[in-house]
Amino acid sequence: MESFIQLRKGTTPRRVHRDLDGLKEDEMGRSGFTGRTTFFYRRNDPSVYRVEGDLRPLDVQTNDLEPTDLRDAAGEPLLLLSNDDCRILLSRRGEAAPFYERNVDGDELYFVHRGTGHFETEFGRLPYRPGDYVYLPKATTYRQVPDGGSHLIVIEAREEFRVPEAGALGRYFPYDPALVTVPEPEAFEEPRRDEHEIRLRHRGGRTSLFTRHHPLDAEGWRGDNFAFSFNIDDYDAITSESVHLPPTVHLFMQATGVYVMNFLPRPAESVPGVERIPWYHRNVDYDEVAFYHGGSVFGVDMPAGLLSLVPQGVHHGVPERARERSRRRFDVDTRVEWQVIAVDTRRRLTPSRAVLEAAPGEDA
């Protein structure tokens, strides 16, 4: 139900996200910050609690996880989180695989945390570097060829990834499609083998196709369904001097039940009294995943490689000491330098056994 009526009861600031006067701002909102919302103004930090049960926040350092593709060329990515709409995996491939891949369940969006190399695809050769998203449409045949060590997050969606509507920003939407890199056609000839294996990636079971000809032998292609890459350096962060903007402003790509966002370097809010740190919230309709690519917030380094999951309906937020630091340093810090990739999902995500075993204890 949509409503244009907003009420104020009890002790509240005149406007949200500012002049809290010692209170803790806590959002309970629908539809991922775009629907009806209530802000509670609490005496205590709502994200301080002890958890018993399944719906608990999880943090896992992906630098410590070892997918089989880390040491074995014939290995594969490691499943981290999954639901009926998507899967999130980790690849740390050290060398080119002796096989080709084809995801028959859905589109794939790779995010390159570390490493350089290229993807050999039916569309041609697609180089990658840190900060790149590499988009591979469903059923594309490809092979990753790293220059050395690599660290990639894979977001697999059951339905098509698409660019969100530009809305009122029109052509000034932060994602400029003119800046994508599109591969040029290339008929690959190496490596030559008696048979070439194409592994079909799908949930449950295992399937391989074997061909005598090279699977990437396309001399050309035409159409509007193609692979591409886009680097976060080319994404224009939307900013405001007077209010901390909600995560949905930074949307990059979306599929049914899956939303990918970029939190990137930008000028900090500058109007006195404005809260610069995201408010406490319990995203009622979405699970939230954050992958820390790097950077810093007001002089504190981001834990590069950390993957964080917060289930929908569970309070979370930056610790109070960080909020107090941002207020003390209001006249000192003029920028936010974080680089965080976020994935919100409509359905609850199930952590894999590898994630549960690697996550710290249950105390939040």
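**Exercise 1.** Against which strands do the buried residues of α1 pack?

*Solution.* The model is predicted, so local features need pLDDT of at least 70 and side-chain atom pairs count only at pLDDT 80 or more, while totals for chains, interfaces and linings use all residues. Residues are numbered from 1 along each chain as its sequence is written, and side-chain values use heavy atoms, with hydrogens and water left out.

Begin with helix α1, residues 320-328, whose buried residues (under 20% relative accessible area, 1.4 Å probe, protein chains only) are E320, R323 and S326. Seen down the axis of α1, these residues fall within an arc of 120°, taken from the directions from the helix axis to the C-beta atoms, and so they line one face of the helix. The face turned away from that side carries R321 and R328, which are exposed (over 50%). The buried residues of α1 pack against β1 (24-29) and β19 (280-283), where contact means heavy atoms within 4.5 Å; helices (H or I, at least four residues) and strands (E, at least two) are DSSP runs, numbered from the N terminus.

**Exercise 2.** In what order do the three strands of the open sheet stand, and which are the edge strands?

*Solution.* The order is β2-β1-β19, with mixed pairing, where two strands pair if DSSP finds at least two bridges between them. The edge strands, each pairing on one side only, are β2 (37-42) and β19. Looking at one pair in detail, β1 and β2 run antiparallel and are joined by six bridges, and E25 stands opposite Y41 in β2.
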